Amino acid sequence: MSVSDLHNNTVYMPSSSRELQLPRPVEIREAAVAALPVSRDFPLQAAMKRMIDIGISLTAILVLSPVLLLVALLIRFDSPGPALFTQVRWGKDCRKIRVYKFRSMRTDLGDSTGVAQTVKNDPRITRIGAIIRKTNIDELPQLLNVLKGDMSLVGPRCHAIGMLAAGIPYEDLVPNYHRRHSVKPGMTGLAQMRGLRGPTDRPGKARARIASDLHYIDNFSVLLDLRIMFGTVLAEVRGGKGF
């Protein structure tokens, strides 16, 4: 299991005894900012997007509060530990943000960094955890991140610091990887709507996800956001594919 030292941007890989130095925050932040969409109506579209984020996230938190409370209680009864947990992940302009999730793993086996990706029949996942991951209910606390402004309802999915794809750092697999951080991360995105979910164990699938993220950034509009939100809800109604 990988352990990430978030203070010095070094990821230690015990299995191979080698250190992987992440790019300096200043470098990757400059690269991300340089990739911002350029459009005459972008400020208006961005303001509309933020209004939609606030309205939907606040409404969802209020309407779903009984469900959120019930899920929290079930998690506490199912296994020792808190109902919620947080992870430090990449935010807009490559800033580090703390993301909220429902705990779906055993506290003694969970990976707080998020670098060790979940696999099918993962022994770390609890009984309730398997259900909430399958239905993506474990992601609902991220509505708080959206309300705070750290995240958006739609955008590139929020990646863990030092995330691996096909066993190697994403930065090495996809040279323009950090362009995806020129906008706020989203609870859902174009890649997820296209079915590019699950572990990034194949290079082609990992690159396809980033290609979808960059396509979203280059073609951003409120209309595209609405299409992605509708497509995500439709996909979940047909049956979630998380594990």
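Tutor: Let us begin with a cut-off: a residue is called buried when its relative accessible area is under 20%, exposed when it is over 50%, and partly exposed in between. The structure above is a predicted model, and we can try out these words on a residue in one of its loops.

Student: Then where is G81 found, and what does G81 count as?

Tutor: G81 is found in the loop between α2 and β4. Its relative accessibility is 25%, and therefore G81 counts as partly exposed. Leaving out residues up to four places away in sequence, G81 touches R76, R103 and T107.

Student: How many residues apart along the chain are G81 and T107, and what separates their C-alpha atoms?

Tutor: These two residues are 26 residues apart along the chain, while their C-alpha atoms are separated by 6.2 Å. We can also ask about such contacts for the whole chain: among contacts with a separation of 6 or more, 70% are between residues 24 or more positions apart.

Student: May we stay with the whole chain for a moment: how many helices and strands are in it, and what percentage of its residues count as buried?

Tutor: The chain has 8 helices and 9 strands, and of its 243 residues, 49% count as buried.

Student: When I look at two strands, how should I read the way they are joined, for example with β4 and β5?

Tutor: It helps to ask about the direction of the strands, the bridges between them and the residues that stand opposite one another. Strand β4 (residues 84-90) and strand β5 (residues 96-102) run antiparallel and are joined by 7 bridges. L84 stands opposite F102 in β5, and W90 stands opposite K96 in that strand. The two strands form a hairpin with 5 residues between them.

Student: Which residue in the turn has a positive phi, and is D93 buried or exposed?

Tutor: The residue is D93, whose phi is about 60°, a positive value in a residue other than glycine. With a relative accessibility of 11%, D93 counts as buried, because that value is under 20%.

Student: What is the phi of A166, and where does A166 lie?

Tutor: A166 has a phi near 55°, which is again positive in a residue other than glycine, and A166 lies in the loop between β7 (164-165) and β8 (168-169). Its relative accessible area is 31%, so A166 is partly exposed.

Student: How do I read a nonpolar core, and which members should I look for in this one?

Tutor: A useful way in is to look for the members that touch the most other members. The largest nonpolar core has 41 residues, and those touching the most other members are I75, F102, L143, M151, L153, Y170 and Y216. The largest share of this core, 6 residues, comes from α2. Y170 is a good residue to follow, for beyond its sequence neighbours up to four places away Y170 touches H159, M163, A165, Y177, T200, A206, R209 and I210.

Student: And how does one look for empty space in a structure?

Tutor: Rolling a probe the size of a water molecule over the atoms shows where empty space is left. In this structure there is 1 cavity of 30 Å³ or more, and the largest cavity has a volume of about 40 Å³.

Student: Which residues line the largest cavity, and how do they divide?

Tutor: Its lining is made by K49, I52, D53, L153, V154, V222, D225 and M229, which divide into 5 nonpolar, no polar and 3 charged residues. At least two of the lining residues are supplied by each of α2, β6 (152-154) and α8 (222-238).

Student: Is D225 buried or exposed, and which residues is D225 in contact with?

Tutor: D225 lies in helix α8 and is buried, because its relative accessible area is 5%, which is under 20%. Apart from neighbours within four places in sequence, D225 is in contact with K49, V154, Y216 and F220.

Student: Now for a pocket: what is the volume of the second largest pocket, and how many residues line it?

Tutor: The second largest pocket has a volume of about 220 Å³ and is lined by 13 residues, with F42, A46, K49, V183 and K184 lying nearest its centre. Helix α2 (residues 42-78) gives the largest share of this lining, 5 residues. The lining of this pocket divides into 6 nonpolar, 2 polar and 5 charged residues.

Notes: Residues numbered from 1 in each chain as written. Predicted model: local features only at pLDDT ≥ 70, side-chain atom pairs only at ≥ 80, totals over all residues. Heavy atoms only, no water. 1 Å grid on protein atoms, 1.4 Å probe; cavity = no way out; pocket = protein on both sides within 12 Å on 5 of 7 lines; lining within 4 Å. Points joined across faces, edges and corners; volume = space filled by probe spheres on them. Helix = DSSP H or I, 4+ residues; strand = E, 2+ residues; numbered from the N terminus. Nonpolar A, V, L, I, M, F, W, Y, C, P; charged D, E, K, R; others polar. Pairing = 2+ DSSP bridges. Core = buried A, V, L, I, M, F, W, Y, C linked by side-chain atoms within 4.5 Å. Buried < 20%, exposed > 50% of the residue type's maximum accessible area, 1.4 Å probe, protein only. Contact = heavy atoms within 4.5 Å.
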